[in-house]
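Dear colleague,

I am passing on the structure we spoke about, together with some notes on its salt bridges and on one of its pockets. Please look it over when you have a moment.

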Amino acid sequence: MTAPKTAPSGGILITFEGIDGCGKSTQSRLAAEFFVSRGCVVHSSREPGGSSIGPAVRSLLLDSSRPPCPLAEALLFSADRAQHVHERIRPALARGEVVILDRHTDSTLAYQGYGSGQDLAVLRQLNMIATGGLVPQATFLLDLDPSVAAERMEKRQPDRFEREAGEFHQRVRDGFLHLAAMEPERIRVIDARGDQKAVARLIQKQLEVLLEKLHA
């Protein structure tokens with residue numbers, strides 16, 4: 001009988017990215033179940049909102065009645081991320097856990113950079129400061145046409161970012177794909193048009209390969 005593929009001693013950081021409505025929250029949950037089935041201890045979280053100050057920051061960021069200016073928006077995301085990394089992500093990795101995040105640094109570049117036109121160099125520097133240089137072993141970009149994503153979200157109450165025009169979401173999608181082209185070893189593009197189970201199978205095949213590499 002084959003032994004379960006547990007996480008290596010240094011832990012694993014895996015992030016899920018994509019435009020709103022692409023299914024990343026569902027797939028991050030299914031990935032967590034995959035790792036648990038392999039005997040791993042999993043810490044699942046999200047950004048913004050995963051830190052002790054996260055709920056308050058998330059409320060400020062997503063409230064359409066009082067949107068922050070672009071610089072304040074980027075700084076709020078960074079503040080939550082810095083607290084998240086310090087308080088939860090690094091300690092979980094130090095314990096050898098698998099950390100799975102629903103959004104991380106790539107979302108800042110895609111949404112605030114490519115989507116809203118903020119300076120990418122400044123955003124990269126903010127990401128570096130907030131994370132202390134921490135980089136995921138793997139990022140799964142769930143790629144989906146914005147029009148399809150919008151159809152999937154028709155029955156839910158949209159937040160401030162989800163209310164943005166289609167052109168904004170197309171810029172965000174293009175930004176994510178550009179980031180993936182620059183870092184193909186880390187960012188794996190997943191076609192998110194299929195049903196949840198089919199998409200999960202695509203991701204889990206890559207997770208199996210990742211575990212094999214980490215244990216080699």
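A residue is called buried here when its relative accessible area is under 20%, and partly exposed when the value lies between that and 50%. Please keep in mind that this is a predicted model.

The structure holds 13 salt bridges. In one of them Arg-103 pairs with Glu-17, with 3.9 Å between the closest N and O atoms; because Arg-103 sits in the loop between strand S3 and H4 while Glu-17 belongs to strand S1, this pair ties together parts that are 86 residues apart in sequence. Glu-17 has a relative accessible area of 1%, so this residue is buried, and Arg-103, with 9%, is buried as well.

A salt bridge also links the side chains of Lys-24 and Asp-102, at 2.7 Å from N to O, and since Lys-24 lies in helix H1 and Asp-102 in strand S3, it ties together parts 78 residues apart in sequence. Lys-24 counts as buried at 9% relative accessibility, and Asp-102 does so at 10%.

Turning to the pocket, the second largest one encloses about 260 Å³ of space. Its lining is made up of 13 residues, and those closest to its centre are Thr-105, Arg-124, Asn-127, Val-135 and Arg-186. Helices H4 (105–115) and H5 (120–131) each supply at least two residues of this lining, with H5 giving the largest share, four residues. By character, the lining of this pocket divides into five nonpolar, four polar and four charged residues.

Best regards

Technical notes
Residues numbered from 1 in each chain as written. Predicted model: local features only at pLDDT ≥ 70, side-chain atom pairs only at ≥ 80, totals over all residues. Heavy atoms only, no water. 1 Å grid on protein atoms, 1.4 Å probe; cavity = no way out; pocket = protein on both sides within 12 Å on 5 of 7 lines; lining within 4 Å. Points joined across faces, edges and corners; volume = space filled by probe spheres on them. Nonpolar A, V, L, I, M, F, W, Y, C, P; charged D, E, K, R; others polar. Salt bridge = Lys/Arg side-chain N within 4 Å of Asp/Glu carboxyl O. Buried < 20%, exposed > 50% of the residue type's maximum accessible area, 1.4 Å probe, protein only.
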